[in-house]
Amino acid sequence: MKHNTPLARPDINEADIEAVVAVLKSSRLSLGPKLNEFEQDFASYIGTKHAVAVSSGTAALHLCIRALEIKDGDEVITSPFSFIASSNCILFERAQPVFVDVLPGTLCIDPAKIEAAITPKTKAILGVDILGYLAEWDAIKVIAEKHGLLLIEDSCEAIGTTKDGKLSGTFADCGVFAFYPNKQITTGEGGMVVTDDEKIATAVRSMRNQGRNEESKFLSHDRLGYNYRISDINCALGISQLKRLPEFIQKRSAIFDWYEESLATLVDLVRTPMRQSGVEVSWFVYVVHLADRFGASDRNHLISYLKENGIGCNKYFPSIHLQSFYRDMFGYKEGAFPVSESASSSGIALPFYSNLSQEEVVNICNVLHNGINSLL
Ligand SMILES: *Cc1c(COP(=O)(O)O)cnc(C)c1O
């Protein structure tokens with residue numbers, strides 16, 4: 001029997017649907033009570049003083065860059081192994097992303113390589129908790145303090161990851177989350193900035209709504225702002241999904257174990273994701289890496305083979321510095337960040353979402369097995 005398994009799928013239940021319908025019936029569709037409730041629930045879950053909800057993770061990143069007053073001529077150190085938004089948000093303000101290669105295991109920025117990239121123009125470090133792993137924030141913080149740099153934590157893929165009881169998103173001056181339908185929780189589209197810094201929170205709150213001064217009278221604008229608002233419809237879904245997050249994390253963790261078990265026999269051919277010591281990872285995706293003996297055409301062949309067999313999969317991630325417009329703007333070439341590039345050229349993301357059954361995981365691994373055997 002041919003299965004059809006997507007790469008990702010949101011987990012929407014009756015409670016989620018009812019929450020959305022209730023907002024539609026209330027006629028308060030935006031800037032209503034669900035916005036405040038979502039922000040309060042989120043801040044109390046994450047453990048920060050402030051949470052400000054916006055229209056996407058990318059909008060949240062952009063507003064962090066603006067709130068920290070990063071501008072034309074500034075440099076921001078960041079990871080080349082990420083979703084492109086974590087670097088684009090720096091370009092939005094005409095600042096320059098300065099990439100530093102990643103660690104081979106977690107694929108988060110390598111703190112040992114950061115100092116060599118610092119110049120008098122460096123203003124901040126934007127670390128990414130990629131795939132659910134936690135970046136080495138203790139080491140990054142030491143460097144930031146020594147050089148007087150600001151810190152932004154892109155935790156869009158790591159909601160619920162904890163270290164010593166402290167949640168991801170809380171390790172920098174401000175943290176960012178995203179709620180696109182492939183993330184651990186979804187609002188359809190949406191994002192969140194979390195911070196303990198009142199000034200950052202106030203600036204983000206104002207800029208998401210046209211630069212309005214919330215205390216002053218209607219249509220009084222203090223600063224350049226945007227429409228990065230999130231509707232109450234989306235927030236109602238977020239409130240409901242956040243309640244279910246512990247269940248999602250637990251299910252994803254079980255799926256991670258099933259994959260690991262089913263792929264154990266491929267140990268010399270496929271590298272499965274590592275476990276991060278001292279960190280409880282909230283898994284975002286399941287990425288396997290083909291062994292060095294396989295080349296680019298092998299991976300393409302395997303991806304086609306998986307897709308022909310009804311299994312959603314993808315290359316994950318292409319390194320940002322090798323995207324065509326980054327090459328054009330900055331002249332980057334292959335070889336600049338070998339760890340990131342090696343991960344980019346060998347990784348395949350397999351289906352990963354909370355309602356994936358063990359039977360499906362076993363089937364996916366069997367197909368992968370057959371596909372790899374056909375390459376040998
Ligand atoms: C998803 C994601 C974002 C952006 O989120 P959107 O809501 O799609 O704008 C940013 N950074 C990383 C690492 C992501 O995975």
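# Ligand site, salt bridges and local details

A polar side-chain atom of Asp 154 sits 2.7 Å from a nitrogen atom of the ligand. The model is predicted. The protein buries 92% of the 380 Å² that the ligand exposes when taken alone. Across the whole structure, a search finds 16 salt bridges. Among them is the pair Glu 39 and Arg 208, with the closest N and O atoms 2.7 Å apart. The points below take the ligand first, then the charged pairs, then the surface and the backbone.

**Ligand shell**

- The ligand has 13 residues around it, and the nearest are Gly 57, Thr 58, Asp 154, Glu 157 and Lys 183.
- By character, the shell splits into 5 nonpolar, 5 polar and 3 charged residues.
- Which helix gives the largest share of the shell? Helix 3, residues 57-67, supplies 3 residues.
- Gly 57 approaches through its backbone: an N or O atom there lies 2.8 Å from a ligand oxygen atom.
- Glu 157 approaches through its side chain, with a polar atom 2.6 Å from an oxygen atom of the ligand.

**Salt bridges between distant parts of the chain**

- Side chains of opposite charge can pair when their charged atoms come close.
- Glu 39 and Arg 208 form a salt bridge, with 2.7 Å between the closest N and O atoms.
- Glu 39 belongs to helix 2 (residues 33-46) and Arg 208 to helix 6 (residues 198-208), so this pair ties together parts that are 169 residues apart in sequence.
- Are these two residues buried or exposed? Glu 39 is buried, and Arg 208 is buried too.
- Asp 74 and Lys 123 also meet through their side chains in a salt bridge, at 3.9 Å from N to O.
- Asp 74 is in the loop between helix 3 and strand 2 (75-78), while Lys 123 is in strand 4 (residues 122-128), so the link ties together parts that are 49 residues apart in sequence.
- Asp 74 is buried, at 12% relative accessible area.
- Lys 123 has a relative accessible area of 23%, so it is partly exposed.

**A salt-bridge network**

- Asp 11, Asp 16, Arg 244, Glu 247 and Lys 251 are joined in a network of salt bridges.
- Within the network, Lys 251 pairs with Glu 247, and their closest N and O atoms are 3.3 Å apart.
- Where do these two residues sit? Both lie in helix 7 (residues 232-262), 4 residues apart, or about one turn of the helix.
- Lys 251 has 29% relative accessibility, so it counts as partly exposed.
- Glu 247 has 30% relative accessibility and also counts as partly exposed.

**Nonpolar surface patch**

- Ile 12, Ile 17 and Val 21 make a nonpolar surface patch of about 210 Å².
- Ile 17 belongs to helix 1, residues 14-26.
- Ile 17 is partly exposed, with a relative accessibility of 39%.
- That value passes the patch cut-off of over 30% relative accessible area.

**Positive phi outside glycine**

- Arg 94 is not a glycine, yet its phi is positive, at about 60°.
- Arg 94 sits in the loop between helix 4 (85-92) and strand 3 (96-99).
- Its relative accessible area is 61%, so Arg 94 is exposed.
- Asp 164 is not a glycine either, and its phi is positive at about 45°.
- The loop holding Asp 164 runs between strand 6 (162-163) and strand 7 (166-167).
- Asp 164 is exposed, with 75% relative accessibility.

**Two helix residues**

- Ser 86 is part of helix 4.
- At 1% relative accessibility, under the 20% limit, Ser 86 counts as buried.
- Which residue does the side chain of Ser 86 contact? The side chain of Ser 82 makes a polar contact with Ser 86 at 2.7 Å.
- His 369 is in helix 11, residues 358-375.
- His 369 counts as partly exposed, at 23% relative accessibility.
- The C-alpha atoms of His 369 and Leu 263 are 8.3 Å apart, although 106 residues separate the two along the chain.

Terms used
Residues numbered from 1 in each chain as written. Predicted model: local features only at pLDDT ≥ 70, side-chain atom pairs only at ≥ 80, totals over all residues. Heavy atoms only, no water. Patch = residues over 30% accessible without salt bridge, like charges linked within 9 Å, V, L, I, M, F, W, Y side chains within 5 Å. Areas by Shrake-Rupley, 256 points an atom, 1.4 Å probe, with all protein chains shown as cover. Salt bridge = Lys/Arg side-chain N within 4 Å of Asp/Glu carboxyl O. Buried < 20%, exposed > 50% of the residue type's maximum accessible area, 1.4 Å probe, protein only. Near = heavy atom within 4 Å. Polar contact = N/O pair within 3.5 Å; in protein donor to acceptor, adjacent residues only side chain to side chain. Nonpolar A, V, L, I, M, F, W, Y, C, P; charged D, E, K, R; others polar.
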